[in-house]
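Let's take a walk through this one together, starting with a single side chain and working outwards. Keep the viewer open as you read.

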Amino acid sequence: MSFGCFVVRAVVPIIQGYEDAGDFSVPERLKTSAHVNLVFYVCVGSIALCGVILHIILRKKWRGIVGFAMACSNTSGLVTGAFLLGFALSVIPKGIWKNADWTTRQKFHFHKVARMAVKLDDAHQEFSNTIVVAQAISKQMSKCDPLRPYMNIIDKMLLQMLNEDPSFKPQGDRLGENDMD
């Protein structure tokens, strides 16, 4: 038995059981993990023992230990494959199968584009409201205010932005109650 096989058969299940345990202290979690794994290995060992006893009883009908070993190997492979098909090996083919249907993908992307368009419209409206609020605050702010130099920088940036895109007209039609605060 190699070291890798030992790690896969002993250490990894202990760590997985430790993560799944609901106990509050490290020793209790390790104890719970060891108990769960012990129950599992006792079940597997009892099945193997039944197989060996069956082999001893039916010794004449089987051709030897090689056939028994091949049967155990195939059974182990099939059981492992069945467990892996539960999630890991079925996700990739399922994703490929879903992506192969162009109409479903097209509907998904149309829906995604529509959601993004709504988000873009909301962001444009919020940006427009912010510009209107900044312009209103600039009009209300006195020339002696200590924050006036910063407001002048904002006004210059707004003027430059509006000059670069003359088609953009900020509208503050959906201002909230606290926007001017």
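Start at Asp 155, which is partly exposed at 24% relative accessibility. Bear in mind as you look that this is a predicted model. The side chain of Asp 155 meets that of Arg 148 in a salt bridge, at 3.6 Å from N to O. Is Arg 148 buried or exposed? With a relative accessibility of 8%, Arg 148 counts as buried, because the cut-off for that label is under 20%. Asp 155 sits above that cut-off at 24%, so partly exposed is the label for this partner.

How many salt bridges does the count come to? There are 2, and the other one pairs Glu 28 with Lys 31, whose closest N and O atoms are 3.6 Å apart. Both residues belong to helix 2, and being 3 residues apart there puts about one helical turn between them. As for exposure, Glu 28 is partly exposed at 36% relative accessibility, while Lys 31 is exposed at 55%.

Stay with helix 2, which covers residues 26–57. UniProt, in an unreviewed entry, places a "transmembrane region" at residues 38–58 and at 65–89. In the model, the span 38–58 is 95% helix and 0% strand, and its end C-alpha atoms lie 30 Å apart.

Now look for rings. The count comes to 1 aromatic pair: Phe 40 and Tyr 41 are arranged edge-to-face, with 5.2 Å from centre to centre and 65° between the planes. The edge-to-face label applies because the angle of 65° is over 60 degrees. Phe 40 is partly exposed, at 48% relative accessible area, and Tyr 41 is also partly exposed, at 35%.

Further along, Leu 49 lies in helix 2. At 51% relative accessibility this leucine counts as exposed, because that label needs over 50%. Leu 49 joins Ile 53, Leu 54, Ile 57 and Leu 58 in making a nonpolar surface patch of about 450 Å².

Finally, zoom out to the whole chain. What elements is it built from? It has 6 helices and 0 strands, which reads along the sequence as α-α-α-α-α-α. Of its 181 residues, 12% count as buried. The chain exposes about 15,200 Å², and carbon and sulfur atoms supply 68% of that area. Among contacts with a separation of 6 or more, 46% come from residues 24 or more positions apart.

Definitions and conventions. Residues numbered from 1 in each chain as written. Predicted model: local features only at pLDDT ≥ 70, side-chain atom pairs only at ≥ 80, totals over all residues. Heavy atoms only, no water. Phe/Tyr/Trp six-rings, centres within 6.5 Å; stacked < 30°, edge-to-face > 60°. Buried < 20%, exposed > 50% of the residue type's maximum accessible area, 1.4 Å probe, protein only. UniProt positions renumbered as here; feature names shortened; annotations may be inferred. Helix = DSSP H or I, 4+ residues; strand = E, 2+ residues; numbered from the N terminus. Patch = residues over 30% accessible without salt bridge, like charges linked within 9 Å, V, L, I, M, F, W, Y side chains within 5 Å. Areas by Shrake-Rupley, 256 points an atom, 1.4 Å probe, with all protein chains shown as cover. Salt bridge = Lys/Arg side-chain N within 4 Å of Asp/Glu carboxyl O. Contact = heavy atoms within 4.5 Å.
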